[in-house]
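Subject: Structure for you to look at

Hello,

Here is the structure I promised to pass on. Please open it alongside this message, and my notes follow below.

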Amino acid sequence: MKVLANDGISESGEKILKEAGIDLLNNRVSMEHLAKFINDNEVDVLLVRSATKVTKELIDACPTLRIVGRGGIGMDNIDVEYAREKGIQVFNTPLASLRSVAELVFAHFFALARNLHEANRLMPLEGELKFNELKRSFAKAFELQNKTLGVIGMGKIGMEVAKIGISLGMKVLCYNRTPKTETVTLDFFDGQSLDFQLTSCSLDEVLANADFISINTAKTPQYIVDTPEFSKMKDGVFIVNAARGGVLNEVTLLDFIEEGKIAGAALDVFENEPNPELPLLMHPSLSLSPHIGGSTIDAQEKIGIEIAEQLIKLQ
């Protein structure tokens, strides 16, 4: 079996594949040359992250492909249905980046609650001359303990977000399009663990009561959060979208921030990615990151191991 890891693979994943006798090509081939490379090298398996797009055209041009693996949860960059119609097996690594994404959500929550996103912008510019003024302007801050966390989407990442919220002493309310109950387990350093049962409630209940809202859904054809949903939120709410661009109306978000309804928001994903709108990039009430939810050294190691182990089972 010949495997092309076109967006790279961790050393741990590479080691597992090579020890299994798999011929691994760790090249980085541009999209315009990818089909030719796959055909010239008779590649059986294409492993990708988010950079490489596995389109219908690529699938048609590469008759040797038998398996496509996606390192990460979402498979928006793969024409999954068409690949499977052509007899190509498609898989992803749904568990590897859970913690990294969930921790980024709370990195943004802490930044917003303590005004760190704006303090980090202004301290280098004005900290020397306006230290006391900045200190006073950033004094209106909040703790997360005893606040209500609203989790929209009870998938694996949503439940990991809920676990961190529980560990911080937050009340957790969850919404899922299909009502469900999930049990989440908090594991502690000394071997102890605690189970918590979370049952979904209505979206209206989440919006009306949450002080902090995390959106953790798959890509949707319409906005999940738009004018009607923003209107139902508590005054002074903080929102993080680390799901997909297009699940939240960014233009309307800015309107509600300007009105004072929303205290602040964080975006790791954007509707016009990789070219976010300038008003978003310049707004002082937004904490921003360039789609780095799963981009940690730890997650990359886990992804490499998980994708290698799944591939070995499929060969």
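A word on terms first: two strands count as paired if DSSP finds at least two bridges between them. Helices (H or I, at least four residues) and strands (E, at least two) are DSSP runs, numbered from the N terminus.

Please keep in mind that this is a predicted model, in which local features need pLDDT of at least 70 and side-chain atom pairs count only at pLDDT 80 or more, while totals for chains, interfaces and linings use all residues. Residues are numbered from 1 along each chain as its sequence is written, and side-chain values use heavy atoms, with hydrogens and water left out.

Let's start with the sheet. It is open and parallel, built from five strands in the order 2-1-3-4-5. Strand 2 (23-25) and strand 5 (89-92) sit at its edges, each pairing on one side only. From one strand to the next, the twist averages 20°.

Strand 1 (residues 2-5) pairs with strand 2 in the parallel sense over three bridges; Lys 2 has Asp 23 of strand 2 as its bridge partner. Strand 1 also runs parallel to strand 3, again with three bridges, and here Ala 5 stands opposite Leu 47. Between strand 1 and strand 2 the chain passes through helix 1 (residues 11-19), giving a right-handed β-α-β crossover (with the strands pointing away from the viewer, the path from the first strand over the helix to the second runs clockwise).

Helix 13 (residues 297-314) lies across strand 1, strand 3 (45-48), strand 4 (67-70) and strand 5, at about 150° to strand 5. Such angles run from 0 to 180 degrees between N-to-C directions, with axes fitted to C-alpha atoms, for helices over the stretch in contact; contact means heavy atoms within 4.5 Å.

Away from the sheet, have a look at Lys 261, in the loop between helix 11 (250-258) and strand 12 (262-267). Is Lys 261 buried or exposed? Lys 261 is buried, with a relative accessible area of 17% (buried means under 20%, exposed over 50%, partly exposed in between, using a 1.4 Å probe and protein chains only). Among the residues Lys 261 touches are Phe 230, Asp 235 and Phe 256.

Best wishes

Technical notes:
Lists of a residue's contacts leave out its neighbours within four places in sequence.
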